[in-house]
Amino acid sequence: MCAIVAAVGDLDAGLCRAMLDRLAHRGPDGTGEVRRGDVWLGHQRLSIMDVDGGRQPLAGPGGTSFLVVNGEVYNHRRLREELGVQRFSTGSDSEAALHALLLDGPVGLARLRGMFALAFLDETGSLLVARDAMGVKPLYWARREGLVLFASELRAFEPADRPRVESFPPGHCWSPGGGLVRFADAVPAAVRPARHGRTRGERDETLLKAVREAIVAAVEEQMMSDVGIGVFLSGGLDSAVVAAVAADHARRHGHGRLPTFAVGTEGSSDLLAARVVAGHLGTEHHEVVMTPQDAEAALPRAIRTIEHFDLHLVRSAVPNLLLAEYAARHVPVVLTGEGADELFAGYPDCHREPYLAPAALQARLVETVEGLHRENLQRCDRTTMAFGLEARVPFLDRGVVELVLSIPPAYKTVRPGRAEKQLLRDAFAGRLPEEILRRGKLQFGHGTGAKDVLTAVLGPAAASDGEQEAVFYRRWRAEFPGVDPLRALGRSPLADRGER
């Protein structure tokens with residue numbers, strides 16, 4: 001359920017509809033709107049739960065309250081029991097959010113476990129807007145005299161409003177009377193400080209079991225769907241773990257073979273590794289073989305789609321876009337391995353100075369998890385939603401995040417002769433091929449071959465990383481004139497640092 005627009009103040013319904021129209025790609029299965037007084041809500045729908053009955057805006061009892069949601073509430077079945085099943089009239093997971101807010105107001109947001117950006121119009125005509133704590137689902141807002149606008153993507157806003165556009169902060173809600181209020185943290189305060197381990201990198205069977213069970217629970221919970229679901233399989237450890245759990249769940253529940261999807265240049269390491277995993281798990285495997293011509297054609301589209309210019313995001317967005325376009329013809333939902341590197345210290349710099357001390361490593365992991373909404377999650381959401389495909393990120397489930405960040409950083413350091421993320425590898429030993437368990441970390445843009453292809457396509461004038469990002473920034477600026485990258489993306493361009 002995949003795009004929202006909301007507005008409060010001196011309304012122009014035509015402006016709001018035009019904003020929603022620009023987001024039609026996110027929800028090709030239907031559109032809906034409602035206006036009460038000075039509040040307007042709009043929704044573009046991708047039908048996943050309760051295909052026939054889950055249209056939005058969802059109306060509360062008596063038609064005096066309304067809700068639009070972009071995302072999924074994974075614990076909706078549990079909430080139905082807690083809130084009273086007699087209250088519900090649809091099978092939509094979003095209806096759980098509606099009744100939580102009707103009963104508890106903004107406090108009800110703490111009940112929701114999932115990824116969401118939502119706008120709620122209560123019985124008094126007051127608007128509440130909120131975004132999930134991790135920022136998995138995007139939300140932007142622009143405030144001008146007498147009017148506040150909200151939308152799921154930058155492109156929704158009119159040129160005159162773009163200089164005012166800001167990223168709406170994750171874990172916050174806003175109302176005209178109460179202003180901006182934090183209701184949840186991406187990383188709970190209790191697990192932010194580093195804890196002490198007994199020995200460096202020690203294997204602990206109890207700990208491995210806890211990690212495995214938390215990830216399995218998250219993947220299985222996020223398999224909820226009334227339509228098909230697949231997995232993006234890069235051949236790396238993270239997506240292989242997700243695929244292993246999802247394939248087992250699909251078999252046990254009679255859903256047949258799990259669809260998996262991989263992308264890369266001919267002979268690239270990601271394609272080859274993904275074949276090994278797919279063969280081991282017995283999935284219904286699909287490949288997209290990327291040519292230099294494909295990459296060249298996808299580059300401007302990638303920058304336009306992810307609404308970003310970051311070097312690594314653009315490089316990985318090019319193959320991701322090709323993969324999402326193909327996968328959307330087969331399933332409306334995919335699971336991905338996003339977030340595992342940030343939790344388990346998968347990046348090479350995590351194992352160099354200044355992060356060798358446990359406290360420093362923990363601070364680095366917390367910082368990267370909290371910053372995901374500005375980086376990888378933005379690419380993950382946009383490349384998939386460009387084709388009405390929903391991407392889910394089980395490693396960023398609240399239970400997984402709390403458990404893994406509570407583990408002493410010493411357990412995540414690299415031991416001699418071992419790869420990074422050994423804790424995750426050990427937790428799933430026996431469920432994946434040994435060569436995948438031993439395979440080291442490659443950035444998605446490297447493993448797919450996209451980095452080499454794009455470097456060749458851009459030519460000698462953009463041979464260095466800095467020169468490439470400068471090219472990406474100029475193209476982004478042409479696509480989104482007027483947008484302030486620091487306000488909207490949390491990122492200053494290379495041009496502002498004198499590196500153009």
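**Strand pairing, burial and helix packing**

Trainee: Which residue of strand 11 is the bridge partner of A130?

Mentor: C173 of strand 11 is the bridge partner of A130. Keep in mind that this is a predicted model.

Trainee: Why do strand 7 and strand 11 count as paired?

Mentor: Pairing takes at least two bridges. Strand 7 and strand 11 have two bridges, so they pair. Their sense is antiparallel.

Trainee: How many bridges join strand 6 to strand 7?

Mentor: Five bridges join them, and the two strands run antiparallel. One pair of opposite residues is A119 and V129, the latter in strand 7. The hairpin of strand 6 and strand 7 has five residues between the strands. In that hairpin, G125 takes a positive phi near 90 degrees.

Trainee: What makes strand 7 "mostly covered"?

Mentor: Buried means under 20% relative accessible area. Five of the five residues of strand 7 are buried. L127, V129 and R131 point one way, L128 and A130 the other way. Both sets are buried.

Trainee: What is the strand order of the open sheet that includes strand 7?

Mentor: The order is 4-5-6-7-11-12, six strands with antiparallel pairing.

Trainee: What makes strand 4 and strand 12 edge strands?

Mentor: Strand 4 (58-59) and strand 12 (179-182) each pair on one side only. For strand 12, a partner is strand 11 (residues 172-175), over four antiparallel bridges. The cut-off is at least two bridges, so this counts as a pair. Within it, W174 has L180 of strand 12 as its bridge partner.

Trainee: Which helix packs on this sheet, and which strands does the helix touch?

Mentor: Helix 3 (residues 94-104) packs there. Helix 3 touches strand 4, strand 5 (66-73), strand 6 (114-121) and strand 7 (127-131). Its direction makes about 125 degrees with that of strand 5.

Trainee: What is the order of the open sheet with strand 2 and strand 10 at its edges?

Mentor: That order is 2-3-1-9-8-10, again six strands with antiparallel pairing. Strand 2 (31-36) and strand 10 (166-167) each pair on one side only.

Trainee: How many bridges link strand 1 and strand 3?

Mentor: Strand 1 (residues 3-9) and strand 3 share six bridges, in the antiparallel sense. I4 stands opposite H43 in strand 3. Helix 1 (residues 13-21) packs on this sheet and touches strand 1, strand 2, strand 3, strand 8 (140-144) and strand 9 (147-151). The direction of helix 1 makes about 20 degrees with that of strand 3.

Trainee: Why is H43 called buried?

Mentor: H43 has 0% relative accessibility. The limit is under 20%, so H43 counts as buried.

Trainee: What makes the pair of H43 and Q56 a polar contact?

Mentor: The side chains of H43 and Q56 come to 3.4 Å. The cut-off for N or O atoms is within 3.5 Å, so the distance qualifies.

Trainee: Why are helix 8 and helix 17 called roughly perpendicular?

Mentor: The axes of helix 8 (residues 311-327) and helix 17 (residues 465-479) cross at roughly 75 degrees. Angles of 65 to 115 degrees count as roughly perpendicular. The label therefore fits these two helices. Their axes come within 9 Å.

Trainee: Which residues make that contact?

Mentor: L311, V314 and R315 come from helix 8. D465, Q468, E469 and F472 come from helix 17. They divide into three nonpolar, one polar and three charged.

Technical notes: Residues numbered from 1 in each chain as written. Predicted model: local features only at pLDDT ≥ 70, side-chain atom pairs only at ≥ 80, totals over all residues. Heavy atoms only, no water. Contact = heavy atoms within 4.5 Å. Axes fitted to C-alpha atoms, helices over the stretch in contact; angles between N-to-C directions. Buried < 20%, exposed > 50% of the residue type's maximum accessible area, 1.4 Å probe, protein only. Polar contact = N/O pair within 3.5 Å; in protein donor to acceptor, adjacent residues only side chain to side chain. Parallel < 35°, antiparallel > 145°, perpendicular 65-115°, else oblique. Nonpolar A, V, L, I, M, F, W, Y, C, P; charged D, E, K, R; others polar.
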